[in-house]
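Student: I would like to learn how to read a model of a protein one feature at a time. Could we take the features in turn, with the general idea set before the particular case?

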Amino acid sequence: MSTFNTLDDLESGQRVLVRLDLNSPVEDGEVRDNRRFDRHATTVRELMEAGHRVVCMAHQGRPGDDDFVSLRQHADILAEHVGRDVGFVDSTYGESAVEAIESLSDGEALLLENTRMTDDELPEESPEEKAETEFVKTLSPLFDAYVNDAYSAAHRSHASLVGFPLELPAYAGRVMESEYEANTAIASREFDGQVTMVVGGTKATDVIDVMNNLGGKVDQFLLGGIAGELFLRAAGHDVGYDVGGMDLFDDQWEANHETIESLLEERGDQITLASDLAYEDENDERAEIAVDEIDEKDRGYLDIGSETVSEYDPVIRDSEAVFVKGALGLFEDERFSEGTVGVLEAIAETDCFSVVGGGDTSRAIEMYGLSEDDFGHVSIAGGAYIRALTGEPLVGVEVLSRD
Ligand SMILES: Nc1ncnc2c1ncn2[C@@H]1O[C@H](COP(=O)(O)OP(=O)(O)O)[C@@H](O)[C@H]1O
Ligand SMILES: O=C(OP(=O)(O)O)[C@H](O)COP(=O)(O)O
C-alpha cells in the first residue's frame with residue numbers, strides 16, 4: 001500500500017495546485033462530457049468547500065492531434081459537475097495565469113490552459129529534471145500544496161505530474177486515492193478460473209507493451225480496435241493500414257510489429273483475433289466481411305463483426321475475471337457499437353470479477369444504458385490501470401509517496 005498523504009492531511013485555507021485528468025473525447029471541436037469530470041468534481045468541490053484557493057491543471061490530447069484543444073470548454077463542464085463557478089485562464093504559467101492565481105479568493109477555483117501547450121510539460125524526463133523547468137519554478141512559489149488527482153495520467157513523467165511534488169508538499173486527491181486502491185488490489189488478486197483480457201482502443205502501443213508483460217496473469221486475450229487490426233495485419237490479412245487520411249495504424253505498426261509477431265508466435269493460442277469486421281458501405285450503413293475474404297487494403301474498419309461478438313461471448317461467460325482495456329470499435333457511432341456493447345453486456349450478465357478501464361471505453365457503459373453496478377470496478381484510467389495490472393509502479397504515484 002502507498003504511503004502518500006491525502007486530503008485528510010491537508011491543513012485548511014491553503015493555496016492548492018491540483019492536477020486533474022480531464023482528457024476527453026473531442027468531436028468536431030466539441031469536448032464530450034464523461035465520467036472523468038464527474039469523478040474529479042468530487043475532489044475539486046471538497047477543496048472549495050474547505051475554503052482553499054483551488055487552481056487546476058490538466059491536459060487535452062497530444063500536440064498535432066485533432067483533439068489537442070484548449071481547456072476553455074472543460075472549465076464549463078467541470079463547473080457544472082462541481083455545482084460552482086470554475087474560472088478559466090488561457091495561459092498555463094504566463095503573466096495572465098500568475099495574475100489570475102494571485103487574485104483568487106478563498107473557496108474559488110480556476111482552470112489553467114492545457115499543460116501540453118507549454119514546451120516544458122513534455123517530453124518524458126525524470127522528476128528531478130521536470131522540477132527544474134520554468135513551468136514548475138514559476139508556479140510553485142504561488143502555492144502551499146500540490147494535489148495529484150490524475151491517476152489515469154500517473155504513468156507519464158510530465159512536469160505537471162512529477163515536477164511539482166518535488167517542490168511542494170504533495171497529496172493524493174480523492175480519485176487518485178480510490179483508483180490506486182482498487183487497481184493495486186487487482187495486481188495482488190489470485191484467480192482460480194480463466195482470466196480474460198479484452199484489448200481494443202486506439203492506443204495500441206500502450207496495450208501491446210502490457211500484453212507482452214501480462215502473459216503469466218492472463219489466459220486469453222480477445223482483440224479488437226486498432227491493436228486487433230495490427231495483429232490481423234501481422235497474421236497476413238490486408239487490414240490495419242492507414243487509408244483515407246487515417247493516422248492510427250502505420251506508425252504504431254512500425255513501433256510494434258516485432259513484438260506483435262513474437263507474441264503471435266510464442267503465445268498465439270492465448271490470443272483470439274476477430275474473424276469478421278464491420279465497415280461503412282456506400283449507403284452509409286454498417287456492412288460486415290469475414291477477414292479471410294478481405295483482399296484489398298483500401299477500406300477502413302470500424303468495429304469487430306457479429307460473428308466475432310458471438311465467438312467472444314462464451315469466452316467471457318466462462319471466465320472468472322475479465323479485464324477490458326479499450327473499445328472494440330467506434331462505439332460513439334451506434335452503427336459501430338455492437339462489438340463494445342456486446343462484450344460489456346456479456347460481462348454485466350455474468351458474475352465474474354470485472355474491471356472496465358479507459359476514459360473513453362467506460363463512457364460506453366452509460367451511453368448504452370448499462371449499469372456500473374454490474375461491473376467490479378469502472379476505472380477512468382486506461383494505460384495507468386493496465387500497468388497497475390502488471391504490478392508496474394506508476395511514476396506519478398511513486399513521486400507522491402517520497403518523503
Ligand atoms: N476500429 C476503430 N476505428 C476507430 N476508432 C476506434 C476503433 N476501435 C476503437 N476505436 C476508438 O477507440 C477509442 C478508445 O481508445 P483508447 O483511448 O485507446 O481507449 P481508452 O480511452 O478506453 O483508454 C474509442 O473512443 C473508440 O471510438
Ligand atoms: O487518457 C489518458 O490515457 P488513457 O486513454 O490510457 O486512459 C490519459 O489522459 C493519458 O493521456 P496520454 O496517453 O495522451 O498521455
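Student: What is the area buried between domain 1 and domain 2, and what percentage of that area do carbon and sulfur atoms give?

Tutor: Please keep in mind that this is a predicted model. A buried area is read as the accessible area that two parts lose on being put together, summed over both. Here the area buried between domain 1 and domain 2 comes to about 690 Å², and carbon and sulfur atoms give 39% of that area.

Student: Where do the two domains lie along the chain, and how many residues of each are in contact?

Tutor: The domain assignment places domain 1 at 7–180 + 395–400, in two segments, and domain 2 at 189–370. Their C-alpha centres are 32 Å apart, and at the interface 11 residues of domain 1 are in contact with 8 residues of domain 2.

Student: How many salt bridges does the rule find across this interface?

Tutor: A salt bridge is judged by distance, with a side-chain nitrogen of Lys or Arg required to be within 4 Å of a carboxyl oxygen of Asp or Glu. The rule finds 3 salt bridges across the interface of domain 1 and domain 2. R35 forms a salt bridge with E366, and in that pair the closest N and O atoms are 3.6 Å apart. The rule also finds 2 residue pairs in polar contact across the interface of domain 1 and domain 2, while the side of domain 1 that touches domain 2 divides into 1 nonpolar, 3 polar and 7 charged residues.

Student: How many helices and strands does the protein have, and how compact is the protein?

Tutor: The protein has 15 helices and 17 strands. Its radius of gyration is 21 Å, close to the 22 Å that the globule rule gives for 403 residues, so the protein is as compact as a globular protein of that length. Taken along the principal axes, the box that the C-alpha atoms fill is roughly 65 × 45 × 40 Å.

Student: Which residues does G51 touch, leaving aside those up to four places away in sequence?

Tutor: G51 sits in the loop between α1 (35–49) and β4 (53–57), and with those sequence neighbours set aside G51 touches G13, D106 and G107.

Student: Which residues are joined by a cis peptide bond, and what is the phi of D28?

Tutor: Backbone angles are read residue by residue. A cis peptide bond joins L122 and P123, with omega about -5°, and P123 lies in the loop between β6 (109–112) and α4 (127–131). D28, in the loop between β2 (26–27) and β3 (30–31), has a phi near 50°, which is a positive value in a residue other than glycine.

Key:
Residues are numbered from 1 along each chain as its sequence is written. Chains are lettered from A and ligands numbered from 1 in the order in which they are written. This is a predicted model: local features need pLDDT of at least 70, side-chain atom pairs count only at pLDDT 80 or more; totals for chains, interfaces and linings use all residues. Side-chain values use heavy atoms; hydrogens and water are left out. Domain bounds come from an automatic or database domain assignment. Contact means heavy atoms within 4.5 Å. Buried area is the accessible area (1.4 Å probe) that two parts lose on being put together, summed over both. A polar contact is a pair of N or O atoms within 3.5 Å; within protein, one must be able to donate a hydrogen and the other to accept it, and residues adjacent in sequence count only if both atoms are side-chain atoms. Ala, Val, Leu, Ile, Met, Phe, Trp, Tyr, Cys and Pro count as nonpolar, Asp, Glu, Lys and Arg as charged, and the others, Gly among them, as polar. Helices (H or I, at least four residues) and strands (E, at least two) are DSSP runs, numbered from the N terminus. The radius of gyration is taken over C-alpha atoms; the globule rule is 2.2 Å times the number of residues to the power 0.38.
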